[in-house]
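Work through the exercises below with the sequence and the structure in view. Each task is followed by a solution in steps.

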Amino acid sequence: MVDAQGPNPGGGNLSPEDSLGTIVGKLTGDLSQLVRQEIALAKAEVTQDAKHAGKGAGMLAGAGVAGHFVLLFLSIAGWWALGYLIGNAWSALVIALVWAIVGAVLYTSGRKELKRAPGLPRTTDSVSKIPAALKGQETS
């Protein structure tokens, strides 16, 4: 709503006779309403994003299960094929050894990556300064 005094987003009528307290009160009310509307919009957007993320995560989990079955049946096929050459017991050991090697390599690589992760150094630093800041002894 635009009147002679300029834009008035709150829709309230301001007149030149309004006291400063009335103007501040209306401004505070309008600001409060704006903040509530922005929070409601943010909640709606987060809810929609969470639904999409949930669907995507569920589909990725399903793909992981399917991939697991693919590896399982490929392992069984390899075991069966090797069984014709060296016997079923030995071929099962060969397949198990291959998977043990794959697991060891993944474990070692994953452990190295976790050690490289620095954590949250800036957050830890700023959080450690909070008690001093609350006491009025803020450090630079």
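**Exercise 1. Confidence**

Find the mean pLDDT of this predicted model, and say which element has the lowest mean and which the highest.

Solution. Step one: the mean pLDDT of the protein is 82, with 86% of its residues at 70 or more. Step two: strand S1 (residues 2-3) has the lowest mean pLDDT among the elements, 43, while H2 has the highest, 91. Step three: the pLDDT stays below 50 over residues 1-10, a stretch with 13 contacts in the model beyond near neighbours in sequence.

**Exercise 2. Elements and overall figures**

List the elements in order from the N terminus, then state what share of the residues counts as buried.

Solution. Step one: there are 4 helices and 2 strands. Step two: read from the N terminus, the order is β-β-α-α-α-α. Step three: the protein has 140 residues, of which 4% count as buried. Step four: the exposed surface of the protein is about 11700 Å², and 70% of that comes from carbon and sulfur atoms. Step five: among contacts with a separation of 6 or more, 7% join residues 24 or more positions apart.

**Exercise 3. The span of H1**

Compare the expected span of H1 with the distance between its end C-alpha atoms.

Solution. Step one: helix H1 covers residues 20-86, and it has 67 residues. Step two: at 1.5 Å a residue, H1 should span 99 Å. Step three: the end C-alpha atoms of H1 are 95 Å apart, so the distance agrees with the expected span. Step four: after H1 comes Gly87, with a positive phi near 95°.

**Exercise 4. Two serines**

Decide whether Ser75 is buried or exposed, do likewise for Ser91, and name the contacts of each beyond four places in sequence.

Solution. Step one: Ser75 is in helix H1. Its relative accessibility is 15%, which is under the 20% cut-off, so Ser75 counts as buried. Step two: setting aside neighbours within four places in sequence, Ser75 is in contact with Ile95 and Trp99. Step three: Ser91 is in helix H2. With a relative accessible area of 0%, Ser91 is buried. Step four: with neighbours within four places again left out, Ser91 is in contact with Trp79, Leu82, Gly83 and Ile86.

**Exercise 5. The salt bridge**

Which residue forms a salt bridge with Arg116, and where do the two partners lie?

Solution. Step one: side chains of opposite charge can pair when their charged atoms come close. Step two: the structure holds 1 salt bridge. Step three: Arg116 pairs with Glu113, and their closest N and O atoms are 3.2 Å apart. Step four: both partners lie in helix H2 (residues 88-116), 3 residues apart, which is about one turn of the helix. Step five: Arg116 has 64% relative accessibility and therefore counts as exposed, whereas Glu113, with a relative accessible area of 46%, is partly exposed.

How values were computed: Residues are numbered from 1 along each chain as its sequence is written. This is a predicted model: local features need pLDDT of at least 70, side-chain atom pairs count only at pLDDT 80 or more; totals for chains, interfaces and linings use all residues. Side-chain values use heavy atoms; hydrogens and water are left out. Buried means under 20% relative accessible area, exposed over 50%, partly exposed in between (1.4 Å probe, protein chains only). Contact means heavy atoms within 4.5 Å. A salt bridge is a side-chain nitrogen of Lys or Arg within 4 Å of a carboxyl oxygen of Asp or Glu. pLDDT is the predictor's confidence in each residue, from 0 to 100. Accessible areas come from the Shrake-Rupley method with a 1.4 Å probe; for residues, only the protein chains shown count as cover. The expected span of a helix is 1.5 Å times one less than its number of residues.
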